Amino acid sequence: MTEAAAAGGRPGTTGASEADLAAVRQQLGREPRAVAAVAHRCPCSLPDVVATEPRLPDGTPFPTTFYLTCPRAASAVGTLESSGLMARMTRRIEEEPDLAAAQQSAHEDYLARRAALGEVPEVDGVSAGGLPSRVKCLHALLAHALAAGPGVDPLGDEVADLLGEWWADGPCVVVEDDGPAA
């Protein structure tokens with residue numbers, strides 16, 4: 001567990017308990033890397049977005065500050081990506097000055113939230129999902145929108161709206177008290 005997780009997370013996050021990390025481990029099917037905190041919880045109460053340290057334990061820069069962990073949400077987002085939505089959103093950024101300005105603000109918000117976790121010169125100025133001028137990863141936009149709250153990342157908010165209630169069938173994983181369920 002990272003120092004941030006042990007300390008209960010950073011401002012704007014909710015920490016990452018051992019149970020949270022067990023859920024994320026099961027959601028991802030692997031050991032999570034550099035988790036700073038849970039950045040958003042699904043209405044089922046499990047983490048669905050984690051905030052990650054901007055540098056992995058092996059020293060590699062990691063610009064993806066907000067990582068979508070819920071496999072149901074991730075699968076549904078993959079379906080949206082295969083529909084051509086990213087290209088349509090990129091065209092809208094090019095054609096709609098207000099949307100372009102809002103995505104620039106989302107980019108700046110992302111960078112500020114990452115800087116609160118630590119400075120990594122190798123990824124300075126790089127956010128995620130193609131921000132601010134294009135859309136290349138809906139997973140990253142959704143994760144940022146969920147972590148930041150409504151109105152911060154308008155295209156991420158649109159992705160959330162398109163997904164609907166991915167949690168409606170209950171938790172995506174079941175975590176036992178002694179660790180992930182088999």
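**Exercise 1. Order of the elements**

Task: State in which order helices and strands follow one another from the N terminus of the protein.

Solution. From the N terminus on, the predicted model runs α-α-β-β-β-α-α-α-α-α-β-β. The inventory amounts to seven helices and five strands. Of the 182 residues, 45% count as buried. Among contacts with a separation of 6 or more, 56% join residues 24 or more positions apart.

**Exercise 2. The nonpolar cores**

Task: Identify which residues of the largest nonpolar core touch the most other members, and determine which element supplies the largest share of this core.

Solution. Step one concerns the members. The largest nonpolar core has 33 residues, and Val49, Phe66, Leu68, Val135, Leu138 and Val159 touch the most other members. Step two concerns their origin. At least two residues each come from strands S1 (35-41), S2 (47-52) and S3 (66-68) and from H3, H4, H5, H6 and H7. The largest share, seven residues, is supplied by H6. Step three adds another core: a second, separate one has six residues, including Val24, Val35, Val38 and Val50. As a general background, nonpolar side chains in soluble globular proteins tend to be buried together.

Step four takes Val49 as an example. Beyond its neighbours within four places in sequence, Val49 is in contact with ten residues' worth of surroundings listed here in full: Val38, Ala39, His40, Phe66, Tyr67, Leu68, Thr69, Ala143, Leu146 and Ala147.

**Exercise 3. Helix H7 and its packing**

Task: Determine which residues of helix H7 are buried and which residues make the contact of H4 with H7.

Solution. Helix H7 spans residues 154-163, and its buried residues are Leu155, Gly156, Asp157, Val159 and Leu163. The cover over these buried residues includes helices H3 (71-82), H4 (85-95), H5 (97-117) and H6 (138-148). Next, consider one of these partners. H4 and H7 pack at about 145°, and their axes are 12 Å apart; the crossing is right-handed. From H4, Leu85, Met89, Arg92 and Ile93 take part, and from H7, Leu155, Glu158, Val159 and Leu162. By type, the residues of this contact are six nonpolar, no polar and two charged. Finally, Gly164 follows H7 and has a positive phi, near 70°.

**Exercise 4. The surroundings of His107**

Task: Decide whether His107 is buried or exposed, and find which side chain it joins through a polar contact.

Solution. His107 is found in helix H5. Its relative accessibility is 8%, so His107 counts as buried, the cut-off being under 20%. A polar contact of 2.7 Å joins the side chain of His107 to that of Ser127. Leaving out residues up to four places away in sequence, His107 touches Gly125, Ser127, Leu131 and Pro132. Two of these residues, Leu131 and Pro132, are joined by a cis peptide bond with omega about 0°. Pro132 is found in the loop between H5 and H6.

**Exercise 5. Positive phi values**

Task: Compare Ala34 and Ser45 by phi, by place and by accessibility.

Solution. The background comes first: most residues other than glycine have a negative phi, and most peptide bonds are trans. Ala34 has a positive phi near 55° and is found in the loop between helix H2 (18-28) and S1. Ser45 has a positive phi of about 95° and lies in the loop between S1 and S2. Ala34 counts as buried because its relative accessibility is 6%, whereas Ser45, at 47%, is partly exposed.

Definitions and conventions:
Residues numbered from 1 in each chain as written. Predicted model: local features only at pLDDT ≥ 70, side-chain atom pairs only at ≥ 80, totals over all residues. Heavy atoms only, no water. Buried < 20%, exposed > 50% of the residue type's maximum accessible area, 1.4 Å probe, protein only. Helix = DSSP H or I, 4+ residues; strand = E, 2+ residues; numbered from the N terminus. Contact = heavy atoms within 4.5 Å. Core = buried A, V, L, I, M, F, W, Y, C linked by side-chain atoms within 4.5 Å. Axes fitted to C-alpha atoms, helices over the stretch in contact; angles between N-to-C directions. Left-handed = near helix turned anticlockwise from the far one by under 90°. Nonpolar A, V, L, I, M, F, W, Y, C, P; charged D, E, K, R; others polar. Polar contact = N/O pair within 3.5 Å; in protein donor to acceptor, adjacent residues only side chain to side chain.
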